[in-house]
Amino acid sequence: MARYEELQQKIQRKTARVGVIGLGYVGLPLAVETIKSGYTVIGIDLHGGKIESLKRGESYVQDISNETLQECLATNRFFPTTDYSVIEELDAISICVPTPLSPNQDPDTSYITSVVEQIKRFMKRGMLITLESTTYPGTTEELIQREFEKLGYRAGIDFFLCYSPERVDPGNRKYSTYNTPKVIGGTTERCMELGTLLYGSLVKTVVPVSSPKVAEMSKLLENTFRSVNIAFMNEMAMMCDRMGINVWEVIKAASTKPFGFMPFYPGPGIGGHCIPLDPMYLSWKAKGFRFHSQFIEIAQSINDNMPDYVRNKTAQVLNIYAKAINSSRILILGMAYKPEVDDLRESPGLEIYELFKNSGATVDYYDPYAQSFVNKKGEIVHSIANDYEAFKTYDCMVLITNHQCFAYQELADLGVAIIDTRNAFEGITNPNVYRIGTSVAIRQEKEVVSLLA
């Protein structure tokens, strides 16, 4: 009881020392928001380069400017470190480490278990621990609560444990850590009360739920919902392509219905830190209950095959010009997984690049945000310069990321064949622009003579 009341008072007075473990796209914005709220924050990350960058006031996360980071350092309440022993000084910890998939598409929770081992070495009684990493339902209790209870700690008495899923959307200028509602579930009532108290002082809206499992499941539902609906639209795009119907016009028409319809859009595949991974966490956990989610598996298969569809679409377009992918020069426009970010995680453009290379093409890419990536051979591939005269020398351009900074009409006017995977060239009628979800064959019949003239 005394530990609960002591921590409650520290949070209310904002004298609690808060640790954020994992200073990436989730942890760093959370640390910044916590500092802004008046707390002292110790940020822990094993990547020494990141820590040194933070100490210099140089942000590597797009949503956090150098100016904002420097303001946090100027408060003398932000201490980035690689040293886990500082846990001994903390009153609350938020765990924001990655949870990727293994090569077999199973959950890789090794980052979480590694952090738990460090906390076990240095934890003190009365700490509030909150997991934010996306994971399967039951993780908080199975990988954290049970481990601490083996040492004799009791949840809700000796330590307090919650799960609060991150809801970060990189590059989103409307919703930030502060104004995005925060779901949270505690392992006991007192855990929930302290978790709600702390996060309620950091963000605008806290949404309490009955347990960590509900909070964990809510995160997976959010992104599985998106994955399934995007997959449906990807399948509709391929169907419309076969039937000679423009899927983009169909979606636009359907979107005029004021009820019962929510537009989703096809694309070259799914990318980012959530949609490609989260559904597989849910599917994996469900199999442990002898439940096989057909929707998730089918959606994942459709989305995973979109890069192949883009390659085949490109082959169809090049065929109009009496060319093959083999020996063609192809320029990929945009490599980031979404517009206006430099984030390449799980970007379908990376797979499409490899497919073109394996088909014998010479491939370059231009992305003003993502300056380089490492290909499957371990080679660093750099973005070419923004040179429209040079762009004219390619056999075709494939638009993967619809960055707002691209001059779409000017690109179309270059006369190079363009395969548009995002409908970024909407309203542009140049005959050299082709879109996924529309039939190349119909256009070929009408335009091949003019295109080859």
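At 4% relative accessibility, Ile251 counts as buried, the term denoting under 20% relative accessible area, with exposed meaning over 50% and partly exposed the range in between (1.4 Å probe, protein chains only). Ile251 is found in helix H9, residues 247-254; helices (H or I, at least four residues) and strands (E, at least two) are DSSP runs numbered from the N terminus. The structure is a predicted model, in which local features need pLDDT of at least 70 and side-chain atom pairs count only at pLDDT 80 or more, whereas totals for chains, interfaces and linings use all residues. Residues are numbered from 1 along each chain as its sequence is written, and side-chain values use heavy atoms, with hydrogens and water left out.

When residues up to four places away in sequence are not counted, Ile251 touches Met233, Phe261, Pro263, Phe264, Tyr265 and Pro266, contact being defined as heavy atoms within 4.5 Å. Ile251 and Met236 are 15 residues apart in sequence, and their C-alpha atoms are 9.8 Å apart in space.

Helix H8 comprises the 32 residues 212-243. The expected span of a helix is 1.5 Å times one less than its number of residues; for H8 this gives 46 Å, and the end C-alpha atoms are 47 Å apart, which agrees. H8 is followed by Gly244, whose phi is positive, near 75°.

A second buried isoleucine, Ile352, has a relative accessibility of 0% and is found in helix H13, residues 348-358. With neighbours within four places in sequence left aside, Ile352 is in contact with Pro268, Pro307, Val310, Ile332 and Ile400. The C-alpha atoms of Ile352 and Asp308 are separated by 7.4 Å, although these residues are 44 residues apart along the chain.

In strand S5 (residues 127-131), Thr130 is buried, with a relative accessible area of 0%. Its contacts, apart from neighbours within four places in sequence, are Ile93, Ser94, Ile95, Cys162, Tyr163, Ser164 and Tyr199. Ser133 is placed in the loop between S5 and H6 and is likewise buried, with a relative accessible area of 3%. Beyond residues up to four places away in sequence, Ser133 touches Ile95, Cys96, Val97, Thr99, Ile112 and Tyr163.

Cys96 itself counts as buried at 9% relative accessibility, and Cys240 counts as buried at 4%. A search of the whole structure finds zero disulfides, a disulfide being a pair of cysteine sulfur atoms within 2.5 Å. For Cys96, the closest cysteine sulfur is that of Cys274, at 13 Å, which is too far for a bond.

Aromatic contacts were also examined. A search of the whole structure finds eleven aromatic pairs. Rings of Phe, Tyr and Trp (its six-membered ring) pair if their centres lie within 6.5 Å; planes under 30 degrees apart count as stacked, over 60 as edge-to-face and the rest as tilted. Phe148 and Phe159 form an edge-to-face pair, 5.3 Å centre to centre with 85° between the planes. This pair links distant parts of the chain, with Phe148 in helix H6 (residues 139-150) and Phe159 in strand S6 (residues 159-163), eleven residues apart. Both Phe148 and Phe159 are buried.

Tyr408 and Phe425 also form an edge-to-face pair, with a centre-to-centre distance of 5.0 Å and 80° between the planes. Here too the pair links distant parts of the chain, 17 residues apart: Tyr408 lies in helix H15 (residues 408-412), and Phe425 in the loop between strand S14 (417-420) and strand S15 (433-435). Tyr408 and Phe425 are both buried. Together with Tyr366, Tyr388, Phe391 and Phe406, Tyr408 and Phe425 form one aromatic cluster.

Charged side chains also sit over aromatic rings, a placement that requires NZ of Lys or CZ of Arg to be within 6 Å of the ring centre and within 35 degrees of the ring normal. The charged end of Arg329 sits over the ring of Tyr394, 4.2 Å from its centre. The charged end of Arg345 occupies such a position over the ring of Tyr25, at 4.0 Å from the ring centre.

An unreviewed UniProt entry lists residues 331-427 as "domain: UDP-glucose/GDP-mannose dehydrogenase C-terminal"; UniProt positions are given in the numbering used here, feature names are shortened, and annotations may be inferred rather than shown by experiment. The span of residues 331-427 is 21% helix and 23% strand, and its end C-alpha atoms lie 22 Å apart.
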